[in-house]
Structures are given as structure tokens and as C-alpha cells.
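Let's take a walk through this fold together, starting with the overall layout and then stopping at a handful of residues along the way.

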Amino acid sequence: MTRTVITTDNAPSLPAPLSQGIRKGPVLQVSGQLPFDPDTGEVVGTTVAEQTAQTLRNLTAVLKAGGAGLEDVVMLRVYLTDPAHLAEMNEAYAAAVGEPFPARTTVYMQLPPGLLVEIDALAVLDD
């Protein structure tokens, strides 16, 4: 099976040695997405809800570029900077992802200043 790099202008490119996504066969791994506007490179929002919504828009753009959608996601990993943000993130997450929800892990970590959330995804396609 060939490993294919997935890229799109509809999600931000980060100055780091990583691909936006990698697809190998029916498996698509999307790198951690952040709440940057893909056109301006600026952080979108100051609340975890706003940043979660933008992060999921970026993640969905990479999924789409790889031939997938949120319905193909089997696992999302959410990285938050503050446990107090969990309820607000859950509300924005539920609205954007919809049921049935994929499996998920939430981890608390430090992100660069101004960033409150990062999310990566693992999708499995039917082909």
C-alpha cells in the first residue's frame, strides 16, 4: 500500500516537520489541528468554544482532502490547556461532530500562548 500525503489550503499549514494528513489504504490520520484561520494564520476566537469550532473546521478540511468526512472518524484526540474548559469544549464539540460520536480521548497539556485546544483524528474509509 502506498502512503499518501494529504494537503489542503483549506486548513492551516504549520511551520513544523509534519503533514496535515497521511493516508495509507483505508486509514487516514490527521495531524493535530489548531484554531488558526487558514487564510490569515491568525488564531480564531478567545474562548475554548470558538477555538474548538475552528479547530474542527480545519480538521474536517483535511479529512475532506483525504476523501473522508467526520462520519469516517473512529477516534478523536482532544488536547486542552485547562480542565475547567472541558464542559464548554464538550458543548462545541457535540454541536460540530454530531452523533454517533467517535471514540475520544481528552488530554490536558500546555500549548503556546493564546491556544486553548488541539485535535487530531483517525479515520477509516470503506475502500
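Helices and strands here are DSSP runs, with at least four residues for a helix and at least two for a strand, and they are numbered from the N terminus. Keep in mind as you look around that this is a predicted model.

With that in hand, the inventory is two helices and six strands. Reading along the sequence, you meet them in the order β-β-β-α-β-α-β-β. The C-alpha atoms fit in a box of roughly 40 × 30 × 20 Å along the principal axes. Is that what a compact globule would give? What does the radius of gyration say for 127 residues? A compact globule with 127 residues would come out near 14 Å, and the protein has 14 Å, so the two agree.

Now for the inside and the outside. Of the 127 residues, 41% count as buried. The accessible surface is about 6,800 Å², and carbon and sulfur atoms account for 54% of that. As for how the chain is stitched together, take the contacts between residues at least 6 apart in sequence: 65% of them join residues at least 24 apart. On the charge side, there are 7 positive and 15 negative charges, and their mean positions sit 10 Å apart.

Helix 1 is a good place to zoom in. Its 18 residues should span 26 Å at 1.5 Å a residue, and the end C-alpha atoms are indeed 26 Å apart, so expectation and model agree. Quite a few of its residues are buried, among them Val 48, Leu 56, Leu 59, Val 62 and Leu 63. What covers them? The cover for the buried residues of helix 1 includes strand 1 (3-6), strand 2 (21-24), strand 3 (27-33), strand 4 (73-80), helix 2 (86-97) and strand 6 (117-124).

One of the polar residues to look at is Gln 54, which is found in helix 1 (residues 48-65). Gln 54 has 8% relative accessibility, so it counts as buried, the cut-off being under 20%. Beyond its neighbours within four places in sequence, Gln 54 is in contact with Pro 35, Phe 36, Asp 37, Pro 38 and Val 44. Just after the helix there's a backbone detail: Gly 67 takes a positive phi of about 85°. For context, most residues other than glycine have a negative phi.

Next, hop over to strand 3, where you'll find Val 30. Val 30 is buried because its relative accessible area is 0%. Setting aside neighbours up to four places away, Val 30 is in contact with Gln 20, Gly 21, Leu 59, Val 62, Leu 63, Asp 120 and Ala 121. Leu 59, Val 62 and Leu 63 are also among the buried residues of helix 1. Gln 54 is 24 residues along the chain from Val 30, and their C-alpha atoms are separated by 15 Å.

Strand 6 holds Glu 118. Is this acidic residue buried or exposed? With a relative accessible area of 17%, Glu 118 is buried. Its contacts outside the local stretch of sequence include Gly 32, Gln 33, Thr 55, Arg 77, Val 78 and Tyr 79. Thr 81 is 37 residues from Glu 118 in sequence, yet their C-alpha atoms are 9.1 Å apart.

Over in helix 2, look for Tyr 93. Tyr 93 has 4% relative accessibility, which means that it counts as buried. Its contacts, leaving aside residues within four places, include Thr 52, Leu 56, Leu 76, Val 78, Phe 101 and Pro 102. Tyr 79 is 14 residues away from Tyr 93 in sequence, with 12 Å between the C-alpha atoms.

Carry on past helix 2 and you reach Pro 100, in the loop that leads to strand 5 (103-108). The peptide bond joining Glu 99 and Pro 100 is cis, with omega about -5°. In general, most peptide bonds are trans.

Last stop: Ser 19, in the loop between strand 1 and strand 2. Ser 19 has a relative accessible area of 24%, so it is partly exposed. Not counting residues up to four places away, Ser 19 touches Val 5 and Ser 31. Thr 7 lies twelve residues from Ser 19 in sequence and 7.2 Å away in space, C-alpha to C-alpha.

Terms used
Residues are numbered from 1 along each chain as its sequence is written. This is a predicted model: local features need pLDDT of at least 70, side-chain atom pairs count only at pLDDT 80 or more; totals for chains, interfaces and linings use all residues. Side-chain values use heavy atoms; hydrogens and water are left out. The radius of gyration is taken over C-alpha atoms; the globule rule is 2.2 Å times the number of residues to the power 0.38. Buried means under 20% relative accessible area, exposed over 50%, partly exposed in between (1.4 Å probe, protein chains only). Contact means heavy atoms within 4.5 Å. Accessible areas come from the Shrake-Rupley method with a 1.4 Å probe; for residues, only the protein chains shown count as cover. Lys and Arg count as positive and Asp and Glu as negative; His and the chain ends are not counted. The place of a charge is taken as NZ of Lys, CZ of Arg, CG of Asp or CD of Glu. The expected span of a helix is 1.5 Å times one less than its number of residues.
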